[in-house]
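Colleague: I've got the model open and I'd like to go through the wording with you. Could you tell me what backs up each label?

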Amino acid sequence: MKSTSKTKEIQTNSSSNLLVLGATGQVGKLVANNLRRSEANFSVGTRRKANLEELTDRFGASRFIDLDDPRTFDHALKGITGIFLITGYTVDMLVQSKSLIDAAKRNGVDHIVHLGAFTRDHDAYATVFAWHQMIETYLRDSGIAWTNLHPNMFMQSFLSVWSLKGGEYSAYTSKAIGFTALEDVAEAAAVILMEGPEKHNGKDYWFSADALTPHQVAETLTAATGRKFRAAVRKAEGFQNDAAQPGSAFEPAYAKGGFELFRQVEDGRMAYIGSVRDDTKKLLGREPLLLNGWAKLHANELLEAAGMAAPPATEVAPKDGIPSTLASFVKANNDRDADSVTACFSKDPVVYDDGQIMRGAEEIRQWIAELFRKFQYVVAPTNVRELTNGAILTATITGNFPGARVSLDYNCRTLGDKIEVMVIQPTPVAK
Ligand SMILES: NC(=O)c1ccc[n+]([C@@H]2O[C@H](COP(=O)([O-])OP(=O)(O)OC[C@H]3O[C@@H](n4cnc5c(N)ncnc54)[C@H](OP(=O)(O)O)[C@@H]3O)[C@@H](O)[C@H]2O)c1
C-alpha cells in the first residue's frame with residue numbers, strides 16, 4: 001500500500017502491457033513494486049503455479065512462465081509489449097534468455113529491458129560478465145528494441161548469509177569495488193519500461209554509485225549502524241566455498257564466475273569494477289544512494305545478517321516520547337491529516353517504504369497526501385518494541401488497497417522525540 005511523488009515526470013506509454021520476470025526475486029520484486037505504485041499496466045511472470053494467486057493479489061496480474069520450458073512462452077507473451085528480462089544465478093541464463101528473445105520476436109514484443117552486469121570494459125572475461133555480454137549481443141541482433149542495465153555489485157549482497165558474519169566483512173579482493181542500491185536500479189528499470197523504446201531503445205545504462213575498499217566498507221557500515229564492523233580480505237578462491245553455503249542462490253558455475261571476477265579485480269584486469277559510473281540521476285532526476293545512506297535504511301537487516309541484532313531494550317533507558325510519537329503517527333494517519341503525520345518527523349528525515357525512498361519533510365508530506373488521495377485505510381497497532389535508538393511499531397492496515405489487509409513493521413530510528421528514519425516493511429512471517 002504505497003504511492004509516490006516523483007522528482008521526474010514520466011512520459012508513460014499508456015498502450016504498453018509489460019511483463020516483469022523474477023518478481024519473486026530481489027530485483028524483480030522492486031521493479032514490480034515501482035510499476036504498481038505508478039499504476040502501470042503490467043503482469044508479473046512466475047514458474048510457480050501455486051504463487052499465481054498471491055502475486056495477482058499483490059501486483060494486480062500474474063502469468064505462468066517457466067524460463068526452462070519455452071513451451072510456456074507463447075501463452076505468457078500474448079499481448080505483451082515490453083519485458084523486464086532477468087534470470088537467476090545460473091548458467092541457464094544463456095539458453096533461458098535466448099529462447100525468450102526468440103519467443104518475444106515471434107509474439108511481436110516491442111521492447112526488452114535486460115538486467116546485465118557492470119561490463120564497462122568490453123574486454124570482460126569473468127564468466128558471468130561474458131554470459132551477460134553474449135545475451136546482449138543476441139538481443140541487439142534480434143531486431144527488438146532493447147535497453148541494457150549494467151549494475152555493479154548490489155549493496156543488498158551485504159545481507160547474504162556469509163557476507164558480514166559476526167561483524168566481519170568478508171571481501172575477496174583488497175581493491176575497491178563499485179556498489180549500487182537495488183532501489184535505484186529497480187526504480188530506473190520501471191521508468192524505462194514505462195517510457196518505452198521511443199526513449200530508451202539502444203541505450204546502455206550504468207549503476208555504480210559508490211566505489212569503496214573493504215576497509216572503507218567496514219567504516220561506512222560502522223558509522224551507519226553504530227556497531228563495529230571489520231574487514232577481512234580473503235583469497236578470491238574463498239568466494240566459491242562461501243557462496244556454496246546452504247541458502248545461497250549461486251550455483252557452482254556462477255560462483256566460479258565470482259572467483260574469476262575477484263581475481264581479475266585484484267590483479268588489475270577488471271580494475272574498472274572499482275569505478276563510479278552511474279545513470280540514476282539522468283534517469284530519475286535524483287542522486288543515487290551511496291552505501292552510507294543505504295546502510296542507514298537497512299541498519300537492522302545488516303545487524304541481523306551479521307548476527308549483531310540491536311541490544312535488547314533493557315540495556316538502555318527507554319526513550320521518553322517514542323510511544324507517544326508513534327501514537328501521534330497512528331492517529332494522524334487515521335485522521336487523514338498529512339501535516340500532523342509530517343510533524344512526527346525530525347528536520348531531515350528519511351522514509352523507506354518497501355523500495356521507495358522519501359527524503360525530507362516535503363517529500364514525506366507529498367507521499368502521505370498521495371496515499372490518502374488513493375486509499376481509505378485504518379492503522380491498528382498490534383505491538384511496539386522499543387530499541388536502543390528507536391522503536392518498531394507493528395500494525396495491521398486494512399483498507400481498499402490490493403489485498404485489503406496487511407501487517408507492517410514501522411522500524412523507526414529517532415532523534416529526541418521525532419522520527420529520523422522510518423523503514424516500512426511487511427511484518428516477517430514467524431518461522
Ligand atoms: N548480486 C549482484 O551483485 C549482481 C550484480 C549485477 C547483476 N546481477 C544479476 O542479477 C540477476 C539476479 O537478480 P536477483 O538478485 O534479483 O535474483 P534472485 O533474487 O535470485 O531472483 C531470480 C528470479 O528469477 C526467477 N527464476 C529463476 N529461474 C526461473 C525460471 N526457470 N522460470 C521463471 N523464473 C525463474 C526466480 O523465480 P523463483 O522464485 O521461481 O525461483 C526469481 O524470481 C543475475 O542475472 C545476476 O547476474 C547481480
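Modeller: Let's begin with pairing: two strands pair if DSSP finds at least two bridges between them. Keep in mind that this is a predicted model.

Colleague: What makes β4 and β5 a pair?

Modeller: There are 4 bridges joining β4 (residues 82-85) to β5, and the definition asks for at least two, so they count as paired. The two strands run parallel. One bridge to look at has Leu85 with His114 in β5 as its partner.

Colleague: Why is β5 called largely enclosed?

Modeller: A residue is buried if 20 or more other C-beta atoms lie within 10 Å of its own. In β5 (residues 111-115), 5 of the 5 residues are buried, so the rest of the structure largely encloses the strand.

Colleague: And how do you know that both faces of β5 are covered?

Modeller: Check each side: His111, Val113 and Leu115 are buried on one, and Ile112 and His114 are buried on the other.

Colleague: What makes α1 mostly covered?

Modeller: By that cut-off of 20 or more, 11 of the 12 residues of α1 are buried. Among them are Val27, Lys29, Arg36 and Arg37.

Colleague: How do you know that the span of α1 is close to what's expected?

Modeller: The expected span is 1.5 Å times one less than the number of residues. For the 12 residues of α1 that gives 16 Å, and the helix reaches 17 Å from its first C-alpha to its last, so by that definition it's close. Just after α1 comes Glu39, with a positive phi near 55°.

Colleague: What does α1 do for the shell around the ligand?

Modeller: α1 gives the largest share, 3 residues. The shell has 27 residues, and Gly22, Thr24, Gly25, Val27 and Leu67 come nearest. By class it divides into 14 nonpolar, 9 polar and 4 charged.

Colleague: How do you know that domain 1 and domain 2 touch?

Modeller: Contact needs C-beta atoms within 7 Å, and 12 residues of domain 1 have such contacts with 11 residues of domain 2. On the domain 1 side, α1, α2, α6 and α12 each give two or more residues, with α1 giving the most, 4 residues. That side has 3 nonpolar, 4 polar and 5 charged residues.

Colleague: And where do the two domains lie along the chain?

Modeller: Domain 1 covers 18-213 + 250-306, and domain 2 covers 314-426. Their centres, taken over C-alpha atoms, are 30 Å apart.

How values were computed. Residues numbered from 1 in each chain as written. Predicted model: local features only at pLDDT ≥ 70, side-chain atom pairs only at ≥ 80, totals over all residues. Domains from an automatic or database assignment. Contact = placed C-beta atoms within 7 Å. Nonpolar A, V, L, I, M, F, W, Y, C, P; charged D, E, K, R; others polar. Near = placed C-beta within 6 Å.
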